[in-house]
Amino acid sequence: MKKILFLLLGILIILIAVVLIKNFTYPFKKIASGDIEGWKFVKNDSALQRLSGGIKIPTVSTGELGDFDYSTFETFKEYLIKSYPLVYQNTEHYEVNTYGLVFKLKGSNSNLDPILFLSHIDVVPPGEADIISKDENIFRPDEKALPPVSKIAEDWEYAPFSGAVANGRIYGRGTIDMKGMLFSLMESMSNIMKSGHVPQRDIYLAFGFDEEVGGQKGAAQIAADFRKKGLKFDAVYDEGGLILRKGSVAGIDSDVAVIGCAEKGFLSAKIKVKGLGGHSSMPPTESAIGKAAVIMQRLEDHQMKPVITPLIKNFFDNIGGSMPFANRLAISNQWLLKPLLLSQLTKNNSTNALVRTTTALTMMKGSDGTNVLSPEVEFVVNFRLLPGNTVKEVKDHIAKATEGFDVEVEEIDNTREASAVSPTNTKAFRLIEAGIKEIYPTAIATPYLTVGGTDAYKYQIVSKNIYRFMPVKINNTEQQSIHSTNEYISIENYMKMIHYFEYIMMNYDK
């Protein structure tokens, strides 16, 4: 018996030693010193006013398939022409489907594949704080007057389409998503022209106009136009990742720049569950709504299997070095501790979305009367597909959850597979890292999985190197303002974003 105990103790000691050695020798990414200074921004009032004017034009996209009022999009096109004459004079520019805008700055070497920068013109509605009136100077971007204070909604420090420049910030719907990026790209290209620099390869800008409602009329048709022309891009840069300010990511004592190298797929299913209807005074033993509840419980209790994909492994390899000891131990010893690591990751909403196809019950409809049993109850479940999972697997998952019930399953919205995963051993990716180091040298730059949808997905037909990243450093509150109230971008962020894109355009082939 003693021999067995000593043997087990010896095995345990060896196991602990192996785990510790692997932890201390694991090649976590080294973190830059905290006293390094990056590029110092200089406030440019003219650039700020141009963005402010663009924010004042309420290019709101609503409804399905881009069926909304386009009058403000005409105003926006005219405003860009007036604001950036150099860009219009020195590029080949054209429209796709009337409101999609494409600009081509010709390079000196036509044998090199071009690079492409994306943004979108449309913004989501501002919510209950919807103040859109010609009398309040919203449609006149050259006017500096703001709406009366009495008209400003309580949740907005300034009206959502005011474009107010105050407190070191630019306020308004679209400042982060995505007019800030759109105007920074126009500023960067204009600055390049002023400097006299001629890039080696062609540089394209492409701005869709219905990204917030699916992008089928905008980005999808621009991408199709590129493919028709036979274009292949060495890199495509779009939104998707941000620089998360120190403290925003629990357990990480550093700024983290997350670069989206892939994005999740999408499937929304409307499930109609049938049962007996009638008066509530004589209910059946199991109603349609009760059956629906069983199915919904199955979907939430038995979700799709979590997995650490190569992309997320790369993510943890990069950020792990700045995490607490226990986290580093689990990351560096996944051969032994992967089940424990996955268990911890799935307990947090944010990290759970990185390691599995998520399940979200979003809508439900039953009887219209308090004493009426509906013979049919319907609910909607939304899945965001992890790269590696397929639409077919999700459909099979739904079929298993609804087994034994009389149901109809209908796919709604735009079902699509998860995107391809773009490589990180490319010039295009290294330029992102270099650009981040230029403006925020101590930030950890890491590949990441974008959990939301972007226009970038549609450009897979013209490039294998697609990266989703906007060089804006924000905290949790600022991040939550996107698609919510009181959206703003700091002047520092905006100035650094202009410099970042100018840096990539100027240095891509150096």
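Two strands are said to pair if DSSP finds at least two bridges between them. This tour of a predicted model begins with strands that meet that condition.

**Stop 1: strand β7 and its partners**

Select residues 466–468, strand β17, together with β7, residues 235–238. β7 and β17 pair in the parallel sense over three bridges. Within this pairing, Y237 stands opposite Y467 in β17. Now add strand β3, residues 115–120, which also pairs with β7 in the parallel sense over three bridges. Here F117 has Y237 as its bridge partner in β7.

Is β7 covered on one face or on both? Both faces are covered: A235 and Y237 are buried on one side, and V236 and D238 are buried on the other. In a regular strand the side chains alternate between the two faces of the sheet.

**Stop 2: the largest nonpolar core**

Keep Y237 selected and display its surroundings. Setting aside residues up to four places away in sequence, Y237 touches L116, F117, L118, M181, A428, L431, I432, Y467, I504 and Y508. The largest nonpolar core has 94 residues, and F117, Y237 and Y494 have the most contacts inside it. Which helix gives this core its largest share? Helix α15, residues 491–507, supplies nine residues. A second, separate core has 20 residues, including L267, A269, F383 and A401. In soluble globular proteins, nonpolar side chains tend to be buried together.

**Stop 3: a sheet of three strands beneath α15**

Leave α15 on display and select β4, β5 and β19. These three strands form an open sheet in the order β4-β5-β19, with antiparallel pairing. The edge strands are β4 (165–166) and β19 (488–490), each of which pairs on one side only. β4 is joined to β5, residues 169–171, by two bridges, and V165 stands opposite I170 in β5. α15 lies across β4, β5 and β19, and runs at about 70 degrees to β19.

**Stop 4: a sheet of four strands**

Next, select β12, β14, β10 and β15. They form an open sheet in that order, β12-β14-β10-β15, and the pairing is antiparallel. β12 (358–365) and β15 stand at the edges with a single partner strand each, so one side of each has no neighbour in the sheet. On average, and with direction ignored, neighbouring strands of this sheet are turned by 20 degrees against each other.

Look more closely at β10 and β15, which pair in the antiparallel sense over seven bridges. K272 stands opposite E408 in β15. Two helices can then be added to the view. α7 lies across β10, β12, β14 and β15, running at about 10 degrees to β14. α12 packs on the sheet and touches β10, β14 and β15; its direction makes about 25 degrees with that of β10.

**Stop 5: the two sides of helix α12**

Select residues 391–401, helix α12, and highlight its buried residues: V391, V394, H397, I398 and A401. Why do these residues line one face of the helix? Seen down the axis of α12, they fall within an arc of 115 degrees, so they line one face. An α-helix has 3.6 residues a turn, so residues three or four places apart point the same way. The buried residues of α12 pack against β10 (265–274), α7 (288–301), β14 (376–385) and β15 (407–416). Rotate the view to find the exposed residues K392 and K400 on the face turned away from the buried side.

**Stop 6: K291 and L276**

Select K291, which lies in helix α7. Apart from neighbours within four places in sequence, K291 is in contact with V273, K274, G275, E286 and F405. The C-alpha atoms of K291 and D406 are separated by 9.3 Å, although the two residues are 115 places apart along the chain.

Then move to L276, in the loop between β10 and β11 (278–279). Is L276 buried or exposed? L276 counts as exposed because its relative accessibility is 58%, and the cut-off for exposed is over 50%. Beyond four places in sequence, L276 touches P284, L373, S374 and P375.

**Stop 7: confidence along the chain**

Finally, colour the model by pLDDT. The chain averages a pLDDT of 91, and 94% of the residues score at least 70. Over residues 128–152, however, pLDDT stays under 50. Where pLDDT is low, the predicted coordinates should not be read in detail.

Note on methods. Residues numbered from 1 in each chain as written. Predicted model: local features only at pLDDT ≥ 70, side-chain atom pairs only at ≥ 80, totals over all residues. Heavy atoms only, no water. Core = buried A, V, L, I, M, F, W, Y, C linked by side-chain atoms within 4.5 Å. Buried < 20%, exposed > 50% of the residue type's maximum accessible area, 1.4 Å probe, protein only. Contact = heavy atoms within 4.5 Å. pLDDT = per-residue confidence, 0-100. Axes fitted to C-alpha atoms, helices over the stretch in contact; angles between N-to-C directions. Arc of directions from axis to C-beta.
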